[in-house]
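Q: I'm a first-year student, and I'd like to take a close look at just one part of this protein. Please walk me through that part slowly and show me how it fits in with its surroundings.

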Amino acid sequence: DISSHLQRILEWEGKDPVVVVHVGTNEVGRTRQEVLLKEFEQLDNKFESRTRNIIFSGLLPDPRAIWHRLKRIRELNAWLKHWRGRSGFVFVGHWHQYWGRRELFRSDRLHLNPTGTRLLANHITRAVD
C-alpha cells in the first residue's frame, strides 16, 4: 500500500517532485472495482498535498488472463484515463504496446522480460520528459 508510505518515500525529494505510479494487476482479481477506484481517489488526495506532478502508468494486459479479467483491466485503465481529466495527473497507457506481444513477457507470461521492461521504461521516460 503506497499511500501509507508516501510521506517517507517523498521525504527527501524536494519541492513538487515528479511521481510515477505504475499500476499492477494483482488487485484486479482480488478486489472489487469500487474499492480500487476509491483507493485511487484516496491516493490522489494524499499526493495533492505534496505534488501535482503525478504520472499513473496504466495496467498492462495479462497474457494469461481470461476475457473477464482482461475486461476489468481495460475498464480500470479507461476509468484512470477519464479520471485524469478531473484530477489533472498524466495517464500513460501501454495496452497497445503489449497486447498480443507475448515475446515481451517472461515464460510465466505475467512478468516482463528485459525487452518488455526496456519498452515500459522508455514509454514512461517519454511521459516524464
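Which residue takes a positive phi just after H4? And while we're there, please tell me about the helix itself: which of its residues are buried, and what do they pack against?

A: Let's start where you pointed, and keep in mind that this is a predicted model. The residue is Gly88: its phi is positive, about 85°, and it sits just after H4.

Now back up into the helix. H4 covers residues 67-87, and that makes 21 residues. From the first C-alpha to the last, H4 reaches 30 Å, close to the 30 Å expected at 1.5 Å a residue.

Which parts of H4 are tucked away? The buried residues are Arg69, Leu70, Arg72, Ile73, Leu76, Asn77, Trp79, Leu80, Trp83 and Ser87. Look at the numbering as you read that list, with this rule in mind: an α-helix has 3.6 residues a turn, so residues three or four places apart point the same way. The buried residues of H4 have several partners to pack against: helices H2 (26-30), H3 (33-48) and H5 (95-98), plus strands E2 (54-57) and E3 (90-92).

H4 has residues that are not buried, too. Lys71 is partly exposed because its relative accessible area is 44%, and Glu75 also counts as partly exposed, at 36%. Their side chains meet in a salt bridge, with 3.1 Å from N to O. Why can these two meet? They are four residues apart in H4, so about one helical turn separates them. Arg69, one of the buried residues of H4, has charged partners as well: Asp62, Arg64 and Arg69 are linked in a network of salt bridges. Across the whole structure, a search finds five salt bridges.

Next, the inside. It helps to know that in soluble globular proteins, nonpolar side chains tend to be buried together. Here, the largest nonpolar core has 24 residues, and those touching the most other members are Phe40, Phe47, Phe56, Leu76 and Leu80. The elements that give two or more residues to this core are H1 (2-10), E1 (19-22), H3, E2 and H4. The largest share, six residues, comes from H4. Leu76 and Leu80 are both on the list of buried residues in H4.

Phe56 is a good one to click on if you want to see who meets whom. Leaving aside neighbours within four places in sequence, Phe56 is in contact with Val21, Val23, Phe40, Leu43, Trp83, Phe89, Val90, Phe91 and Val92. Apart from this core lies another one, of seven residues, including Leu60, Tyr98, Leu104 and Leu112.

What about Leu60, then? Leu60 lies in the loop between E2 and H4, and it counts as buried because its relative accessibility is 10%, where the cut-off is under 20%. Again leaving out neighbours within four places, Leu60 is in contact with His22, Thr25, Ile73, His94, Trp95, Tyr98, Leu112 and Leu120. Ile73 in that list is one of the buried residues of H4, so here's a handy way to trace a link from the loop back to the helix: find Leu60 and follow its contact to Ile73.

Last stop: the rings. A pair of aromatic rings is described by the distance of the centres and the angle of the planes. The structure holds nine aromatic pairs. In one of them, Phe40 and Trp79 are tilted, with 6.3 Å centre to centre and 40° between the planes. This pair links distant parts of the chain, since Phe40 is in H3 and Trp79 is in H4, 39 residues apart. Both Phe40 and Trp79 are buried. Trp83 and Phe89 make an edge-to-face pair, at 4.8 Å centre to centre and 65° between the planes, and both of these residues are buried too. Ring pairs join Phe40, Phe56, Trp79, Trp83 and Phe89 into a cluster.

So to retrace the tour: begin at Gly88, with its positive phi just after H4, go back along the buried residues of the helix, and finish at the ring cluster that includes Trp79 and Trp83.

Technical notes. Residues are numbered from 1 along each chain as its sequence is written. This is a predicted model: local features need pLDDT of at least 70, side-chain atom pairs count only at pLDDT 80 or more; totals for chains, interfaces and linings use all residues. Side-chain values use heavy atoms; hydrogens and water are left out. A salt bridge is a side-chain nitrogen of Lys or Arg within 4 Å of a carboxyl oxygen of Asp or Glu. Buried means under 20% relative accessible area, exposed over 50%, partly exposed in between (1.4 Å probe, protein chains only). The expected span of a helix is 1.5 Å times one less than its number of residues. Contact means heavy atoms within 4.5 Å. A nonpolar core is a set of buried Ala, Val, Leu, Ile, Met, Phe, Trp, Tyr and Cys residues joined through side-chain atoms within 4.5 Å. Rings of Phe, Tyr and Trp (its six-membered ring) pair if their centres lie within 6.5 Å; planes under 30 degrees apart count as stacked, over 60 as edge-to-face and the rest as tilted.
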